[in-house]
Amino acid sequence: MNSDLKNIYSSLGISDRVFEFGEKTLDALKERFEKIDEVAEINQLKVLAALQKNQVSEACLHGTSGYGYNDMGREKLEAVYADIFHTEDALVRPQITCGTHALALALMSNLRPGDELLSPVGKPYDTLEEVIGIRPSAGSLAEYGVSYKQVDLLPDGGFDWEGIKAAVGPKTKLVTIQRSKGYQTRHTLSVSEIGELISFIKNIKSDVICMVDNCYGEFVETIEPSNVGADMCVGSLIKNPGGGLAPIGGYIAGRKSCVENAAYRLTSPGLGKEVGASLGILQSFYQGLFLSPTVTASALKSAIFGANIYEKLGFSVLPNSTEDRHDIIQAITFGRADAVEAFCRGIQAAAPIDSHVTPIPWDMPGYDAPVIMAAGAFVSGSSIELSADGPIKPPYAVYFQGGLTWPHGKFGILKSLQSLVDNGIVLW
Ligand SMILES: *Cc1c(COP(=O)(O)O)cnc(C)c1O
């Protein structure tokens, strides 16, 4: 068995030394992987129960065209999301083009001129800087007279309770809480930490809308931020909840009034959720959601495997090899641009699609430094599929995530290590 495995890895360019280092690393991870499987089991049943409760039928898998009035499949899918997220309502649409769009929609539809937006967890995800107007941009919230305040996390990663208390004022209308670290080297917030933060803020001002950027966090734990007080959870369907099958889309699950505002802005005042043809997309949304708990578990195992491999080799990894996980992202700080690029070439070489191409850094819209991306995915840009990216700027960290199956995630990590060895960065 072990020699069959070694042989096929060898035929795919993995040296015996890299393979054996991987196997040895895995030996210590059995118990952690069992815990991940337990979380996946609970979430699988949670999703199944929501599908059954809403009596999803075959007819729901077909779409509508034109205006999309009375789209039963779309309406039931939104009810399924609301059940899973434990919210009053949800908006789950292919017309939401990506995660940034979903977040912009949630913000712009629930904020009015004169309101203030607060981020109590430091700088938000890069692409939101232009949405908010931190970096001046046409159409930003700032242009519409919505002001912004930010309270950074403390140096130890904790919340700055005093700073947050001082920042919540009469104009504070909405608080945005990013669960995942994104392109930063802070820690990812657990659902229970988010719950604590929301209680604290609601104690100061009870009518503040608390929105969580839930990207990469779905199904990593057995509860979601909306189980602990979040008024809106927002995310992308080409990340966890699309299960690798959704080819586009975003969701907002939350309080009825918040979701309604978002629907009025997505389509039009007066029309809201009533329009928006689902075309032929619903089967992929339903089936992807159904697969998402185990797909997310595969991605988590891949991240933990990578953390253990690279920590052993002396690189700084976040989360570290033993920490609990609250999202699927793994950061590895290499401290040098050539290592970031070699790592990404290894991930690309492991891909099912475009494995023969070489990723190079480029100036992506929305980002302030060149970014290198390894992405050989069935869905373009999908980061629930095995993928890696890193801004080419200090501290030269690479962020990798995804893996629709655990064996593929494992192969990707071994390929990345092989690339570092072959390029003389890991000196073996
Ligand atoms: C991916 C991501 C976004 C933006 O999503 P896109 O689909 O890339 O626009 C926002 N916030 C976080 C934390 C993310 O990981």
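I count a polar contact as a pair of N or O atoms within 3.5 Å; within protein, one must be able to donate a hydrogen and the other to accept it, and residues adjacent in sequence count only if both atoms are side-chain atoms. The model is predicted, so local features need pLDDT of at least 70, side-chain atom pairs count only at pLDDT 80 or more, and totals for chains, interfaces and linings use all residues. Residues are numbered from 1 along each chain as its sequence is written, and side-chain values use heavy atoms, with hydrogens and water left out.

**Ligand contacts.** I looked up the oxygen atoms of the ligand. One lies 2.6 Å from an N or O atom in the side chain of Thr100. At Gly99, a polar backbone atom is 2.7 Å from a ligand oxygen. For the Lys239 side chain, the distance from an N or O atom to a ligand oxygen is 3.0 Å. The protein buries 91% of the 380 Å² that the ligand exposes when taken alone (Shrake-Rupley method, 1.4 Å probe).

**Ligand shell.** I then listed the residues around the ligand (a heavy atom within 4 Å). Among them are Cys98, Tyr125, Gln178 and Asp213. Helix H5 (residues 99–110) gives the most, three residues (helices are DSSP runs of H or I, at least four residues, numbered from the N terminus). I get five nonpolar, four polar and two charged residues in this shell. Here Ala, Val, Leu, Ile, Met, Phe, Trp, Tyr, Cys and Pro count as nonpolar, Asp, Glu, Lys and Arg as charged, and the others, Gly among them, as polar.

Terms used. Helix = DSSP H or I, 4+ residues; strand = E, 2+ residues; numbered from the N terminus.
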